[in-house]
Amino acid sequence: MVDFDNVVSRRGTYSTQWDYVKDRFGEADLLPFTISDMDFKSPAGVSEVIKTVANRGIFGYTRWNNPEFKEAIRNWYRSQYDTDVDSDAIVYSPSVIFSLAKLVEQFSKENGLVLTLTPCYDAFISTITSNSRRLFQYRIDKGVDFEKLEQTFVNEKPEIFLLCNPHNPLGIVWTENDMQKFVDLCNAYHVSIISDEIHLDILREGVKGNSLAKFFKELTVPAAVITSASKSFNTPALGCSYALIPDERERLDFLYTLKAKNALSSVPYLGMLSTIECYNHQENWLQELCSYIDGNFVYVSKFLKKRLDIEYKIPDATYLAWIDISDLNVEMKDLQLELVTKQKVAIMDGRIYGNGGKNHLRLNLGAPRKKVADGLERLAKAVESLRDKKNSNS
Ligand SMILES: Cc1ncc(COP(=O)(O)O)c(C=O)c1O
C-alpha cells in the first residue's frame with residue numbers, strides 16, 4: 001500500500017505551487033491549493049528509474065520515436081480505455097499546452113474561432129487568445145444542452161472545438177454517448193476537434209473514461225488527442241507529453257512545426273522513461289491514488305455540509321473540487337482577502353476559469369488528507385469571520 005497520508009515538504013524545491021505562491025496571491029508562505037500538481041511522491045518505480053540513469057551518468061540527446069515509448073502508450077490505451085491506438089499516430093510534444101498552441105495554429109486561420117466549454121482551464125483562455133484566435137466560451141456550469149451547443153456551432157461557425165476530457169474544473173466525465181455527439185457535431189459542421197485528456201486517468205471508483213482516440217476512424221475532420229502521464233503520476237517536472245494525431249498529413253505538419261520550426265526533436269530522457277515506467281508498471285499505484293482521492297472528496301463533501309451547509313456534489317473525475325459558494329452570502333473579494341491575509345491559505349477564485357466561474361472556488365485535493373482538512377478548516381474560519389463582521393456591523 002502506498003502511504004498517501006505521508007506529508008512530504010515541497011518547500012525549497014522551486015515548487016510553483018508552494019515556493020512561488022506569492023506570484024498569484026500576493027503573499028508568501030500560504031498553504032496552497034492552487035496549480036494542479038499533487039503533494040504526493042511519484043511512484044517509487046519512477047525514482048528507481050531515475051537512480052539507474054543517474055548512476056550511469058549519460059544524458060545525451062534522446063530519440064522519442066522508439067518502439068518502447070509508443071508501445072507503452074498503446075498498452076495504456078488498450079488496458080485503460082479499450083482503445084487501439086495506431087503507433088504511427090503517436091508524436092512527442094514537450095507539453096500538452098505546447099501541443100494546444102501549435103494545433104490551434106495548424107487547425108485554424110488567424111482570427112478564427114475556437115469554441116470551448118466554460119468554465120475552463122485558464123491556460124485554454126490565454127493560449128487561444130495569445131495565439132491570435134478568438135475564443136467562444138460555451139457555458140456548461142448549469143449542464144450541457146446539446147441542442148443549444150449545435151445552434152452555437154451553426155451560429156458562431158467555430159473552426160476548432162476544444163474539449164477538456166474530463167473537464168477541468170467541473171470534473172465531468174464525457175460518456176461514450178456525449179463523445180459521439182461531439183464527434184457528430186464536428187463532422188456535420190466541419191469543425192476540427194482537440195481533446196485534452198491529461199485528467200483522463202483520475203476517475204472516481206467505477207467511472208469509465210472515454211478517449212477521443214476511440215472515435216478517430218469516424219472523424220472526417222482534423223483531430224487530435226493531447227495528453228501526458230504527468231498529471232496522473234505527478235511528474236510534470238520531468239517533461240514529456242504526447243499527442244495522437246490520426247491523419248498523416250496533419251501529423252506531418254505538426255512534426256514539421258515541432259522539429260523544423262521549433263527545433264524540438266529530442267525528448268527529455270527522464271520524462272520519456274518515466275512515462276514508459278508508469279504506463280507499464282504503475283497501474284496499481286494509480287488505482288490506490290484514485291481511491292485516496294475518492295476519500296478526500298468524501299471528506300470535503302461531509303465537511304462542507306456540516307460546517308458551511310453547502311450541498312457539494314462529488315465529480316466523476318480529476319482531483320479538483322469545484323465549490324459553489326453562492327449560498328454563503330459572502331463576496332469573493334472579501335473571502336479571498338480573509339483567506340490570504342488572515343487564514344494564510346491560497347484557494348483559486350473560480351473567475352480565472354472564464355465565464356461561469358463566478359462564486360466558485362477551485363480546491364486542489366491532490367494532497368494528504370491532513371492538508372485538505374487544514375485547508376477546509378481555514379476556509380470555514382474565513383467564512384465564519386466574515387459573517388461575524390457582518391453581524392457586528394448590522
Ligand atoms: C486540462 C489541462 N491541460 C493541460 C494542463 C497542463 O499540461 P502541460 O503542463 O503538459 O502543458 C493542465 C494542468 O493543469 C490541465 O489541467
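The second largest pocket of this predicted model has a volume of about 660 Å³. Its lining is made up of 26 residues, and Asp141, Lys313, Trp322, Asp324 and His360 are the ones that lie nearest its centre. When the lining is sorted by residue class, 10 residues are charged, seven are polar and nine are nonpolar. The position of this pocket follows from the residues around it: domain 1 (22-35 + 284-393) and domain 2 (58-281) both contribute to the lining, and the pocket therefore lies between them.

The two domains also share the largest nonpolar core. This core has 127 residues, and those with the most contacts inside it are Leu117, Phe161, Phe182, Leu212, Leu244, Leu335 and Leu379. Helix α11 (residues 283-308) supplies the largest share of the core, namely 11 residues. Each of domain 1 (22-35 + 284-393) and domain 2 (58-281) provides at least three residues to this core.

One residue of this core, Phe161, may be examined in detail. Leaving aside residues up to four places away in sequence, Phe161 touches Leu115, Leu117, Phe153, Phe182, Cys186, Val191, Ser192, Ile193 and Ile194. Two of these partners, Leu117 and Phe182, are themselves listed with the residues that have the most contacts inside the core.

Attention may now turn to helix α6, which spans residues 122-130. Which of its residues are buried? They are Asp122, Ala123, Phe124, Ile125, Thr127 and Ile128. In a general sense, residues three or four places apart in an α-helix point the same way, because such a helix has 3.6 residues a turn. The buried residues of α6 pack against two helices, α2 (21-25) and α5 (96-107), and against the strands β3 (113-118), β4 (134-139), β5 (160-164) and β6 (192-196). Just after α6, Ser132 adopts a positive phi of about 55°.

The last feature to consider is an enclosed space. The model contains one cavity of 30 Å³ or more, and the space in the largest cavity comes to about 40 Å³. The residues that line this cavity are Trp76, Tyr77, Tyr81, Glu197, Ile198, Leu200, Asp201, Thr227, Ser228, Tyr242 and Tyr279. Helix α4 (residues 67-81) gives the most to this lining, with three residues. By class, the lining of the largest cavity holds seven nonpolar residues, two polar residues and two charged residues.

Terms used: Residues are numbered from 1 along each chain as its sequence is written. This is a predicted model: local features need pLDDT of at least 70, side-chain atom pairs count only at pLDDT 80 or more; totals for chains, interfaces and linings use all residues. Side-chain values use heavy atoms; hydrogens and water are left out. Buried means under 20% relative accessible area, exposed over 50%, partly exposed in between (1.4 Å probe, protein chains only). Helices (H or I, at least four residues) and strands (E, at least two) are DSSP runs, numbered from the N terminus. Contact means heavy atoms within 4.5 Å. On a 1 Å grid over the protein atoms alone, a cavity is a set of points where a 1.4 Å probe fits but cannot get out, and a pocket is an open set with protein on both sides within 12 Å along at least five of seven lines; lining residues have an atom within 4 Å of a point. Grid points are joined across faces, edges and corners, and a volume is the space filled by probe spheres set on the points. Ala, Val, Leu, Ile, Met, Phe, Trp, Tyr, Cys and Pro count as nonpolar, Asp, Glu, Lys and Arg as charged, and the others, Gly among them, as polar. Domain bounds come from an automatic or database domain assignment. A nonpolar core is a set of buried Ala, Val, Leu, Ile, Met, Phe, Trp, Tyr and Cys residues joined through side-chain atoms within 4.5 Å.
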